[in-house]
Structures are given as structure tokens and as C-alpha cells.
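Trainee: Please take one part of this model and walk me through it closely. I would like a connected account, from the fold as a whole down to single residues.

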Amino acid sequence: MEREARDGGRLTPPEMLGDSAAWRDVLRSLARVAESGLPVLVLGETGTGKELVARAMHTLSPRRLAGYVAHNCGATPDSLIESELFGHSRGAFTGAVADRPGLFEAAHQGTLFLDEIGDASPLLQMKLLRVLQEGEARRVGEIKLRRLDVRVVSATHRSLAEGVERGGFRTDLYYRLNAVRLRLPPLRERGDDALLLAAAFLRRAAADCGSPPPALDPELAAHLMRYPWPGNVRELSNACAYAVKVAGARDVVALEHWPEVLLLPGTPAERGLHAETRALEQRRLREALDLSHGNKSQAARSLGLSRQGLLKKLRRHGLGVPEAAAPTLDGPAAAQ
Ligand SMILES: Nc1ncnc2c1ncn2[C@@H]1O[C@H](COP(=O)(O)OP(=O)(O)OP(=O)(O)O)[C@@H](O)[C@H]1O
Ligand SMILES: [Mg+2]
């Protein structure tokens, strides 16, 4: 379960960088939609900022003083869904040692972010539909109905419309979640934003190491503008963190510091295939790490890789901190 703490101290929207026309459109719609209180479905490729936007939707809305709760819809087994969503009373089942509110109660008068809604099981879909229709529910083991006033923001990187067509996703729930749709553009359609974001991420990563902000070598800048960014802003942010480590104390970050797999050779068509393969590999790596809660040996086993093999792939994707690469680095930062 993912559960955000009440919003104390987090009433300012998260930093959402970007100055392209496409991104400014998003920010304009975001401000308007946040006010409206309508259910919103946020769509976009992986790493485009869906979670960030969901949080901003809350902090820009009249509900900002109440709770913001995030839940990953693929994460809870069916047997726990009811108690997860609606809570339980002490003794309602074995292991229910205390009264506990559910996600909806925690988000009462606030916002519930349903992440990866496309992964919701039929049971979860049914429970969600009912509580959204009725605006009330009871904790497991209680008779009392509680009123629940919750604004739902959901997100998915897959096509829900396709899910509806194939029959895996309920049409009635689809229409309920989908009063407003906000589509986040992929980074490759955001003009110069890749450069603006790269500068910010390099500055941040350098500051974390106590270094001044490095400059971006023109060749690398040109590459950032050509690259298709299958992992979008997350991929760029990871790559910048990696490059700052590799560049050490140098004041310019250049192609030679950039993660190898993000430098694609070949024709545009080959690059397209490369990019797809890489995006798939990256997704599988992230899923395996999520499932193993970051345990690399377990993740490696689930992928049929050796631990070394996994570490190598993680480094090549600029995922995770490249500690194991440190001995091969030069410059003062590597010696720390
Ligand atoms: N406009 C932005 N400005 C600054 N940081 C951003 C921006 N967009 C995304 N990020 C950062 O990029 C990372 C990925 O964003 P986020 O988790 O919101 O993506 P997502 O669309 O939910 O991805 P996924 O589908 O994989 O869950 C986060 O670390 C986020 O803070
Ligand atoms: Mg997300």
C-alpha cells in the first residue's frame, strides 16, 4: 500500500518544470481542472509526470487542506481490497488488532490518487464504482455507513478505452473516472524542455554532491534534442544524476559521461526499434525492482539474470546509483 501523509507543509504544488507550448497548455488545463473538483483521468507515457500532476491537482484545488492519498491499483490482493479502501474495526478479522480507517476515509474532503487504474482487478473496479456512486461506505466489521466526499484523480499509462473494448475494464467506471482527461505530452514533443529540464537536473545532482552547476556540452545538448526519450522525464533525470557522478568534478557534462544505452547508433528506423526494446527492458527492470522492494538479488532471479548482469543493465539504463562503477571513474568525486 502507498499512503501519503496528511499534507502538512506540502501545500505548495510540486515543481513542474517546462516552458514548451505543449507543457504550458498542460499547466493551464491543470489549474482550471483542479478548481473544478471533477474526477480527472491523467494519461501519458511512463515518466511524463502523471503522479506529479495528480499531486498538483490536489494542492491547486479547494481541497488542499484535507488529505492527499495515493494508491497503486495493482498492488493490493483482492482479499485485502475492502479493508484497504474502507478500513476495518478491531477484531473484524484475524490480524485486525485495531480500528483502522481506509484510503477513502483518509482522503475524505481531499483527493484520492488511483495510480495505474488500468491494473485494477474486477473486484476493485466494482468496489470503486459502488463507493463513487453512493458516496458512502462502511468499514469492514462495522454497520455504520460513513459519508465519503472524495475527489478521485486516476492515472494510467495504458489505454483504458482499449481495456473497455476488450472487456477488461468496466464501461460504467470508465465514464465515472473520466469526466475530464488530461493528456501529458511525451518529452520528445516538448521542444526545448529537454534542455531546460537537463540543466535543472544537472544543477540539482551537482548540488547534492556539493558542486557548482555543470555546463552542458553542445554535442550532448544536440543529442538530447534528437533522442526519443522512451522513459521521458524520469529517464532524463536518472541520466543527469548518472552523468554528474561520472563527470566527477568537471564543470562540463558531455556525451562521454552520458549512459551508454542512451546514445543510439543507427538509422532512425533502427533507433525506433532500439528505443522500443530499451523502453521494454527498462520497464521490466523497474517492475522487478518494485516487486522485490529494491532487493537486487531477488529482482535478478525473477528476470533470469545474475546479480552482476542486473547491475550492469541498471547502470546502462542510468537506473540506480552507479556505485559499482565508481572504481572505474576518475576525478576527485570518484575518490570520495
Ligand atoms: N515537469 C517536471 N518537472 C520536474 N520534474 C518532473 C517533471 N515531470 C516529471 N518529473 C519527475 O520525473 C519523475 C517521473 O514523474 P512521475 O512519477 O510523475 O511520472 P509518471 O507519469 O507517474 O510515470 P509512471 O507512468 O512510470 O508511473 C519524477 O521524479 C518527477 O518528479
Ligand atoms: Mg506514476
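**Strand 5 and its surroundings**

Mentor: Start with the contacts of the whole protein: among those with a separation of 6 or more, 74% join residues 24 or more positions apart. This is a predicted model. The secondary structure amounts to 13 helices and 11 strands. The protein has 336 residues, and 45% of them count as buried. The accessible surface is about 17100 Å², with 52% of that area on carbon and sulfur atoms.

Now to strand 5, which spans residues 111–115. Its partner is strand 2, and the two run in the parallel sense over 5 bridges. One of these pairs links V69 to L112 in strand 5. Strand 2 covers residues 68–72. It is mostly covered, with 4 of its 5 residues buried.

F113 sits in strand 5. Is F113 buried or exposed? It is buried, because its relative accessible area is 0%, and the cut-off for that class is under 20%. Which residues surround F113, once neighbours within four places in sequence are set aside? From strand 2, residues 68–72, the contacts of F113 include Y68, V69, A70 and H71. K50, E51 and A54 also touch F113. So do V153, S154 and A155. N72 gives a distance to go with this: its C-alpha is 8.3 Å from that of F113, though the two are 41 residues apart in sequence.

Strand 5 also takes part in the largest pocket. About 1400 Å³ of space lies in that pocket. Its lining counts 35 residues, and those closest to the centre are E51, D115, E116, R234 and R286. E51 has already come up, as a contact of F113. D115 falls within strand 5, residues 111–115. Strand 5 supplies at least two residues of the lining, as do helix 2 (50–59), helix 8 (193–208), helix 10 (232–247) and helix 11 (268–291). Helix 11 gives the most, with 5 residues. By class, the lining has 15 charged, 11 nonpolar and 9 polar residues.

Next, follow the chain out of strand 5. S121 is in the loop that leads from strand 5 to helix 5 (122–134). S121 counts as buried because its relative accessibility is 18%, against a limit of under 20%. Leaving out residues up to four places away in sequence, S121 touches D78 and I81.

Helix 10, one of the elements that line the pocket, brings up a backbone point. Most residues other than glycine have a negative phi. N232, in helix 10, has a positive phi, near 55°. W229 has a positive phi too, near 50°. W229 lies in the loop between helix 9 (218–226) and helix 10. Both residues count as buried: W229 has 1% relative accessibility, and N232 has 0%.

Last, the enclosed space. How many cavities of 30 Å³ or more does the structure hold? There is 1. About 40 Å³ of space lies in the largest cavity. It is lined by F86, F104, E105, A137, R138, R139, R146 and L148. That lining splits into 4 nonpolar and 4 charged residues, with no polar ones.

To recap strand 5: it pairs with strand 2 in the parallel sense, holds the buried F113, and adds at least two residues to the lining of the largest pocket.

Notes:
Residues are numbered from 1 along each chain as its sequence is written. Chains are lettered from A and ligands numbered from 1 in the order in which they are written. This is a predicted model: local features need pLDDT of at least 70, side-chain atom pairs count only at pLDDT 80 or more; totals for chains, interfaces and linings use all residues. Side-chain values use heavy atoms; hydrogens and water are left out. Buried means under 20% relative accessible area, exposed over 50%, partly exposed in between (1.4 Å probe, protein chains only). Two strands pair if DSSP finds at least two bridges between them. Contact means heavy atoms within 4.5 Å. Accessible areas come from the Shrake-Rupley method with a 1.4 Å probe; for residues, only the protein chains shown count as cover. On a 1 Å grid over the protein atoms alone, a cavity is a set of points where a 1.4 Å probe fits but cannot get out, and a pocket is an open set with protein on both sides within 12 Å along at least five of seven lines; lining residues have an atom within 4 Å of a point. Grid points are joined across faces, edges and corners, and a volume is the space filled by probe spheres set on the points. Ala, Val, Leu, Ile, Met, Phe, Trp, Tyr, Cys and Pro count as nonpolar, Asp, Glu, Lys and Arg as charged, and the others, Gly among them, as polar.
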